[in-house]
Amino acid sequence: MLSRIILVAVLGFIASGCNKAPAKPYPLDTCPISGKKLNDHGEPYVFSRNGQEVKLCCEACLEEFDANADKLLKEIVDKSKP
Ligand SMILES: [Zn+2]
């Protein structure tokens, strides 16, 4: 049931185009692109997409994230479920 609530919330963000609501916190401590631990070498690159906060090990990973954004966002949302 919780997954349905999260799905509705995510769809709501997309439908409204609203980026002002607080993003859901990033559930991992690794970069989804490189798999490296965040904060290992400097500040992670933090942004939010569709109401989900995302942290990458560096800004260079953003291009690769954008190339697979839908798939990666889904993986991140899946991992944030209890
Ligand atoms: Zn990186």
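Which residues are buried in helix α3 (residues 69-79)? In the predicted model, the buried positions of this helix are Ala69, Leu72, Leu73, Ile76 and Val77. Viewed down the axis of α3, these buried residues fall within an arc of 135°, and they therefore line one face of the helix. Asp70, Lys71, Lys74 and Lys79 lie on the other side of α3, where they are exposed.

Helix α3 belongs to a protein chain whose secondary structure consists of 3 helices and 2 strands. Along the sequence, these elements are arranged in the pattern α-β-β-α-α. The protein chain contains 82 residues, of which 26% are buried. Its accessible surface amounts to about 5500 Å², and carbon and sulfur atoms account for 55% of that area. When contacts between residues at least 6 apart in sequence are considered, 43% join residues at least 24 apart.

The two strands, β1 (residues 45-49) and β2, run antiparallel and are joined by 5 bridges. One of the pairings involves Ser48, whose bridge partner in β2 is Glu53. Together, β1 and β2 form a hairpin with 2 residues between them. Asn50, located in the turn, has a positive phi of about 55°.

An alternation of side chains is seen along strand β2 (residues 52-56). Gln52, Val54 and Leu56 are directed to one face and are buried. Glu53 and Lys55, by contrast, point to the other face and are not buried. Glu53, the bridge partner of Ser48, is thus placed on the face of β2 that is not buried.

A metal site was also examined. The zinc ion is coordinated by the SG atoms of Cys57, Cys58 and Cys61, at 2.1 to 2.4 Å. The donor residues follow the sequence spacing C-C-x2-C. Two of these cysteines can be assigned to burial classes. Cys61 has a relative accessible area of 10% and is buried, because the cut-off for that class is under 20%. Cys58 has a relative accessibility of 29% and so counts as partly exposed, a class that lies between the 20% and 50% limits. A search of the whole structure for disulfides returned 0.

In summary, the model combines a zinc ion coordinated by Cys57, Cys58 and Cys61, an antiparallel pairing of β1 with β2, and a helix α3 whose buried residues line one face.

Note on methods
Residues are numbered from 1 along each chain as its sequence is written. This is a predicted model: local features need pLDDT of at least 70, side-chain atom pairs count only at pLDDT 80 or more; totals for chains, interfaces and linings use all residues. Side-chain values use heavy atoms; hydrogens and water are left out. Donors are N, O and S atoms within 2.8 Å of the metal (3.2 Å for Na, K and Ca); water is not among the atoms, so sites may look incomplete. Buried means under 20% relative accessible area, exposed over 50%, partly exposed in between (1.4 Å probe, protein chains only). A disulfide is a pair of cysteine sulfur atoms within 2.5 Å. Helices (H or I, at least four residues) and strands (E, at least two) are DSSP runs, numbered from the N terminus. The arc is that of the directions from the helix axis to the C-beta atoms. Contact means heavy atoms within 4.5 Å. Accessible areas come from the Shrake-Rupley method with a 1.4 Å probe; for residues, only the protein chains shown count as cover. Two strands pair if DSSP finds at least two bridges between them.
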